[in-house]
Amino acid sequence: MSDCLFCKIAAGEIPSTKVYEDEKVLAFRDINPQAPVHILVIPKQHIESAAAITPENASAVSDCFLAIAKIAAQEHLDNGFRVISNVGEDAGQTVKHLHFHILAGVKMGERIV
C-alpha cells in the first residue's frame, strides 16, 4: 500500500534500524521502545492485521515466526522474550500492517495488562 508506513520502511523509502531481513520479512528496532529490547517484525507483504490473515496469506505469519526465532538467537534473548501483535484501535494497533513486537531485556510479569 502506498500510504502504509511499514510498507514504506520495507521498501527502503523510510530509514529504520534493521536487525533482520530476508526476502519476505523485515525486522527493525522500535523508535519508541517499551522495553530494553523492542523489535518490530513485519511481513513485506501488506496484511492489515492478524484479523486479515487468510489461507492465501497465512504463510507470512510462519515466515515472521521463523524470523523471530532467528532474531531471538541473534540478540541473545536466552532469558526469554514476549511476542505481541495488536489488532485494531482498541488493542493499540497504530499502524495498519501486520506486525509482531519482540519485547525483552527486562523481567516481565505474567500479566499482560
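**Sheet architecture and aromatic pairs**

In strand S3, Leu-40 is the bridge partner of Phe-28. The model is a predicted one. Strands S2 and S3 (residues 37-43) pair in the antiparallel sense, with 5 bridges between them. These two belong to an open sheet of 5 strands, arranged in the order S1-S2-S3-S5-S4 with antiparallel pairing. The edges are occupied by strand S1 (18-21) and strand S4 (82-84); each has a single partner strand, so one side of each is left without a neighbour in the sheet. On average, neighbouring strands of the sheet are turned by 20° against each other, direction ignored. Helix H2 packs on this sheet and touches S1, S2, S3, S4 and S5. The direction of H2 makes about 150° with that of S3.

A search of the whole structure yields 2 aromatic pairs. In the pair formed by Phe-6 and Phe-28, the ring centres are 5.6 Å apart and the planes stand at 75°; the pair is therefore edge-to-face, as the angle is over 60°. Distant parts of the chain are linked by this pair, since Phe-6 lies in helix H1 (residues 5-10) and Phe-28 in strand S2 (residues 25-29), 22 residues apart. Both Phe-6 and Phe-28 are buried.

Phe-65 and Phe-100 also form an edge-to-face aromatic pair, with 5.0 Å centre to centre and 70° between the planes. This pair likewise links distant parts of the chain: Phe-65 belongs to helix H2 (residues 59-74) and Phe-100 to strand S5 (residues 100-104), 35 residues apart. Phe-65, at 39% relative accessibility, counts as partly exposed, whereas Phe-100, at 7%, counts as buried.

Key: Residues are numbered from 1 along each chain as its sequence is written. This is a predicted model: local features need pLDDT of at least 70, side-chain atom pairs count only at pLDDT 80 or more; totals for chains, interfaces and linings use all residues. Side-chain values use heavy atoms; hydrogens and water are left out. Rings of Phe, Tyr and Trp (its six-membered ring) pair if their centres lie within 6.5 Å; planes under 30 degrees apart count as stacked, over 60 as edge-to-face and the rest as tilted. Helices (H or I, at least four residues) and strands (E, at least two) are DSSP runs, numbered from the N terminus. Buried means under 20% relative accessible area, exposed over 50%, partly exposed in between (1.4 Å probe, protein chains only). Two strands pair if DSSP finds at least two bridges between them. Axes are lines fitted to C-alpha atoms, for helices over the stretch in contact, and angles run from 0 to 180 degrees between N-to-C directions. Contact means heavy atoms within 4.5 Å.
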